[in-house]
Every structure is written in structure tokens, then in C-alpha cells.
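Please open the model in your viewer and keep the selection tool at hand. We will go from the whole chain to single residues, one stop at a time.

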Amino acid sequence: MAKTVVTPRLGWALTGSGHYFVECLTLMRKVPHLDLFVTKAAAEVIRMYKKEFELLPEDTRIFKDTTASAAPVGNFYKGQYFGLIVAPATSNTVAKAVHGISDTLATNVYAQAGKCRVPSVVFACDTAPEMDTEAPSGWVKVYPRRIDLQNTEALKAFEYTDVVETLPDLEAALDRMLAAAGQSPVAA
């Protein structure tokens, strides 16, 4: 017997970024009625960080980037989502979103969310000229390119999109999104 899928739900797209990846997994574990969209790059990062999707809410559905047409995006047209989180978002994902390219599961669900007027929160990785970020082997210094920073700024102008730059900002945006949908916040 098939499980009943509670809707509306939150969609969460994982990209190939390691920037606050572990913290994003921790946040996901606190969200009921979650659909997780895992790109091919995200699947690689999960293995590198030696993480699994253990402890996700019981009714979490996981969609992997295995089809050319990204078939799960059709759920946005059926009104199944009250919001989408893209976190953490690589510079590649942000650049593609800015230029309307939808060739990964993450960029496709982001595009479809916008077309369906579903609010999105994008936790962009490249937000400052010099940053510390966690890699599987530990913390490293990165220097985002000017184009990466420009794309992050450009995405902030997109309708139905809130671009956040810090983990506390992501948590606050997630709590606002959950509250607007009548759900309990995750911050404790």
C-alpha cells in the first residue's frame, strides 16, 4: 500500500557544493514533509563527505538526477510545494539559474518553482571576495571570481527568490517559509 504524501511540502535541492553541506543536512532533518532533489554532483559530494540521508523525516521523498527531462519537476505544476530551498548552491548552479539554463535537477526545479510562483531560497556559496569553506579534508580559503559574485548579485533581483549568504540567514529564511506555510520553525 502506497504512503499518503502530505502536501504542500518543501522542496530542497542539493548541488555539488560542500559549503555548509553538513549543516544543510542537519537543517533538512528538522523539516517535516520534505522532498529532496539530489543532483549528480550532490551525490558525489555526499560520498566525499561520507554522509548519508539517515535521520531525514520518515516521509521524505528523494529524487535523484537520473533522467534527461528531470521528471520530478512536474510536481511543481501540481501544487505540491509551498517553497523550494537550493542549498548549498554552487557558483555553477547560480550562474545557470541567472542565465535561464535548466540542465540539472537543481536548476530545473528552481526554474519550475519560479514559473509556478513558488518562493525559493538560494544559499549561494560565492558571496565574498575571500572566504573560508569546508572541504572533505578540512577548511580551505577560496577566492570567488568577480563573475561568481556578479551572478550572486544578479540572482537577488529574480522574482520569488531570496538569496541568502550565511547559515543564520538560511535558517531565518527557512523559518519564515515554514511559518508562512503554517509549519513550526526549525530554529531552536
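What percentage of the 188 residues in the protein chain do buried residues make up? The share is 49%. Keep in mind that this is a predicted model.

**The whole chain**

Start with a cartoon view of everything. You should find 7 helices and 8 strands. The radius of gyration is 15 Å, close to the 16 Å that the globule rule gives for 188 residues, so the chain is as compact as a globular protein of that length. Along the principal axes, the C-alpha trace spans about 50 × 35 × 35 Å. If you display contacts between residues at least 6 apart in sequence, 75% of them join residues at least 24 apart. Switch on the surface next: the accessible area comes to about 9300 Å², with 54% of that belonging to carbon and sulfur atoms.

**Strand S1 and its neighbours**

Now select residues 9–14, strand S1. Is this strand buried or exposed? Of its 6 residues, 6 are buried, so S1 is largely enclosed by the rest of the structure. Show the side chains: in a regular strand they alternate between the two faces of the sheet. Here Arg-9, Gly-11 and Ala-13 lie on one side, Leu-10, Trp-12 and Leu-14 on the other, and both faces are covered.

Add strand S4, residues 81–89, which runs parallel to S1 and is joined to it by 5 bridges. Look for Arg-9, whose bridge partner in S4 is Tyr-81. Then add strand S2, residues 34–38, also paired with S1 in the parallel sense, over 5 bridges. In this pairing Ala-13 stands opposite Phe-37. Bring in helix H1, residues 21–28, and you have a right-handed β-α-β unit made of S1, H1 and S2.

**Unusual backbone spots**

Most residues other than glycine have a negative phi, and most peptide bonds are trans. This stop collects some exceptions.

- Select Thr-7 and Pro-8: a cis peptide bond joins them, with omega about 0°. Pro-8 sits in the segment before S1.
- Move to Ala-87 and Pro-88, where the peptide bond is again cis, with omega about -15°. Pro-88 belongs to strand S4.
- Pick Tyr-20, in the loop between S1 and H1. Its phi is positive, about 60°, although it is not a glycine. Tyr-20 is partly exposed, at 26% relative accessible area.

**Helix H5 and what follows**

Select residues 105–115, helix H5, in which 9 of the 11 residues are buried. Among the buried ones are Leu-105, Val-109 and Tyr-110. Just past the helix, select Arg-117, with a positive phi of about 60°. Arg-117 lies in the loop between H5 and strand S5, and is exposed with a relative accessible area of 60%.

**The cysteines**

How many disulfides does the count come to? It comes to 0. Draw a distance from the sulfur of Cys-125 to the closest cysteine sulfur, that of Cys-24: at 8.1 Å it is too far for a bond. Cys-125 is buried, at 7% relative accessibility, whereas Cys-116 is partly exposed, at 25%.

**Last stop: helix H7**

Finish with helix H7, residues 167–180, and pick Ala-172 within it. Ala-172 is partly exposed, at 33% relative accessibility. Now add Arg-146 and draw a line between the two C-alpha atoms: Ala-172 and Arg-146 are 26 residues apart in sequence and 27 Å apart in space.

Definitions and conventions
Residues numbered from 1 in each chain as written. Predicted model: local features only at pLDDT ≥ 70, side-chain atom pairs only at ≥ 80, totals over all residues. Heavy atoms only, no water. Buried < 20%, exposed > 50% of the residue type's maximum accessible area, 1.4 Å probe, protein only. Helix = DSSP H or I, 4+ residues; strand = E, 2+ residues; numbered from the N terminus. Pairing = 2+ DSSP bridges. Right-handed = clockwise from strand over helix to strand, strands pointing away. Rg over C-alpha atoms; globule rule 2.2 N^0.38 Å. Contact = heavy atoms within 4.5 Å. Areas by Shrake-Rupley, 256 points an atom, 1.4 Å probe, with all protein chains shown as cover. Disulfide = S-S within 2.5 Å.
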